[in-house]
Amino acid sequence: MLTLDLSKLNGFLPQDYLSSREGALREAARMLAEHNGPGGDFTGWVTLPRDYDKEEFARIQAAAKRIQQQSQVLVVIGIGGSYLGARAVVELLHSPNFNLTHKDGPEIYFAGNGLSSDAMLEVIDLVKDKDFSVNVISKSGTTTEPAVAFRIFKALLEEKYGREGARKRIYATTDAHKGALKGLADAEGYEEFVVPDNVGGRYSVLTAVGLLPIAVAGIDIEALMDGAAQAMEELARPGADNPAWQYAAARHALYEGGKKVELLACYEPCFRFFAEWWKQLYGESEGKEGKGLFPASVEYTADLHSMGQYIQEGERLMLETVVQFAPKGEFLIPNDPENVDGLNFLSGKPLSFVAEQAMRAVILAHVDGGVPNVRIQMPALSETVTGYLIYFFEYVCGLSGYLLKVNPFNQPGVEAYKNNMYALLG
């Protein structure tokens, strides 16, 4: 399903970049499979597409149907891995304009991922006159941003429907056994879903954390899991022909060769929040102990007219990974009798043809300018394709962290700002 093109790395990598790392990759793959490497307690995602809780999965589907029937809006409250994965999949498979284009089910708004008063007031204004439900997602229930947002929307629900009515519209995705949100959900009788103990937040999109909002959006979560399961099976096969091994080795070799930034690029605007999910995945997993590629993203062709100059001729610290999807539909460029723009040579050609040539031209220019380029080619967007791509990036991330000799599954640096903020807030 996935084709990895590393041909534009010639001249940037030593010939033995993969063979010299095969031993380390084999050990990394073994640690992931056996869950006994650094952070191994949080590698449940490795076999999740096969071993997920089927009973909870059915409850997720039932809850999604109930929300679709009783609500015009679902407010998803969470931050980081508690919302990025769901938003990434919804926008990738539907549209960044989901709430305008999707007329067959509830609108979905994401809250609790920041502390902007204006943004909060906007979401409140959007939902206040509509029937709405809330999915609050938090392992502890005490993370400041989602906890504050949940206070607000819980109060709005209780004011609108009464306490009894509100509890039927609140869905809590939280720890199975402990925590403030778990205690509240038990006391109030909210329907509960589990944030698995052995899956970290940034790897949790294929758990209830991501699956409930994704299902409410009308996306086939069974097909999503099937795609991830296919990737799990294929990428578990050791050897130099494994694309995850190839990509992880190439990234590591380029990093050791002086590259410090990885740009994730795509020519589809719907990919924007998938890139945001990817940035958290790699930033939190690799960025520690003074190590790691800095994950950044660009949206082409738009960003060629803003960031293109720096990418082409700025400091030579970048590598670029381009994700390409086959088009689902086609549009032919019309003829202009006046030929005002001088582009009649494109008349009758598919727009996708122009996009393909633009992509090829950009790759050639960037490589010539000293930016090594990786291309990941995927079939047309679907649930299966998306599930496969999610798992591919997760698995490469696990391998990459172990190649760097860091724990890819903790985030000790995140606590530093939290401790300071709690102190300043008194």
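Which residue just after helix 9 takes a positive phi? In this predicted model, that residue is Gly-218, with a phi of about 85°. The helix before it is worth a look too. Helix 9 covers residues 208-216, and 9 of its 9 residues are buried, so the rest of the structure largely encloses it. The buried set runs through Ala-208, Val-209, Gly-210, Leu-211, Leu-212, Pro-213, Ile-214, Ala-215 and Val-216.

**The sheet**

Now for the strands. Five of them, or 5 strands in the order 3-2-4-5-6, make up an open sheet with parallel pairing. Strand 3 (107-111) and strand 6 (191-194) sit at the edges with a single partner strand each, so one side of each has no neighbour in the sheet. From one strand to the next, the twist averages 20°.

Further in, strand 2 (residues 73-77) and strand 4 (residues 132-137) run parallel and are joined by 5 bridges. To pick out one pairing, Leu-74 has Ser-133 of strand 4 as its bridge partner. Helix 7 (residues 144-167) packs on this sheet, where it touches strand 2, strand 3, strand 4 and strand 5 (170-174). The direction of helix 7 makes about 140° with that of strand 4.

**Salt bridges**

On to the charged side chains: the structure holds 28 salt bridges. Here are a few that sit within helices.

| Salt bridge | N to O distance |
|---|---|
| Glu-27 and Arg-30 | 2.6 Å |
| Arg-167 and Glu-164 | 2.3 Å |
| Asp-186 and Lys-182 | 3.2 Å |

Take Glu-27 and Arg-30 to start with. Both belong to helix 1 (residues 22-34), where they lie 3 residues apart, about one turn of the helix. Glu-27 counts as partly exposed at 35% relative accessibility, and Arg-30 also counts as partly exposed, at 30%.

Helix 7, the one packing on the sheet, carries the pair Arg-167 and Glu-164. These two are 3 residues apart in helix 7, which means about one helical turn separates them. Glu-164 is partly exposed, with a relative accessible area of 44%.

Then there is helix 8 (residues 180-188), where Asp-186 and Lys-182 are 4 residues apart and so separated by about one helical turn. How do the two ends of this bridge fare for accessibility? Asp-186 comes out at 43% relative accessibility and counts as partly exposed, while Lys-182 has a relative accessible area of 14% and is buried; the cut-off for buried is under 20%.

Salt bridges can also link up into something bigger than a pair: Glu-55, Arg-59, Arg-66 and Glu-191 are linked in a network of them.

**Helix 12**

Last stop, helix 12 (residues 272-286). With 15 residues at 1.5 Å a residue, helix 12 should span 21 Å, and its end C-alpha atoms are indeed 21 Å apart, so the two values agree.

Which residues of helix 12 are buried? The list includes the aromatic residues Phe-273, Phe-274, Trp-277, Trp-278 and Tyr-282. Also buried are Ala-275, Gln-280, Leu-281, Ser-285 and Glu-286.

And what do the buried residues of helix 12 pack against? Their partners are three helices and two strands: helix 4 (84-93), helix 11 (243-256) and helix 15 (383-403), along with strand 7 (261-266) and strand 8 (294-299).

Conventions: Residues are numbered from 1 along each chain as its sequence is written. This is a predicted model: local features need pLDDT of at least 70, side-chain atom pairs count only at pLDDT 80 or more; totals for chains, interfaces and linings use all residues. Side-chain values use heavy atoms; hydrogens and water are left out. Two strands pair if DSSP finds at least two bridges between them. Axes are lines fitted to C-alpha atoms, for helices over the stretch in contact, and angles run from 0 to 180 degrees between N-to-C directions. Contact means heavy atoms within 4.5 Å. A salt bridge is a side-chain nitrogen of Lys or Arg within 4 Å of a carboxyl oxygen of Asp or Glu. Buried means under 20% relative accessible area, exposed over 50%, partly exposed in between (1.4 Å probe, protein chains only). The expected span of a helix is 1.5 Å times one less than its number of residues.
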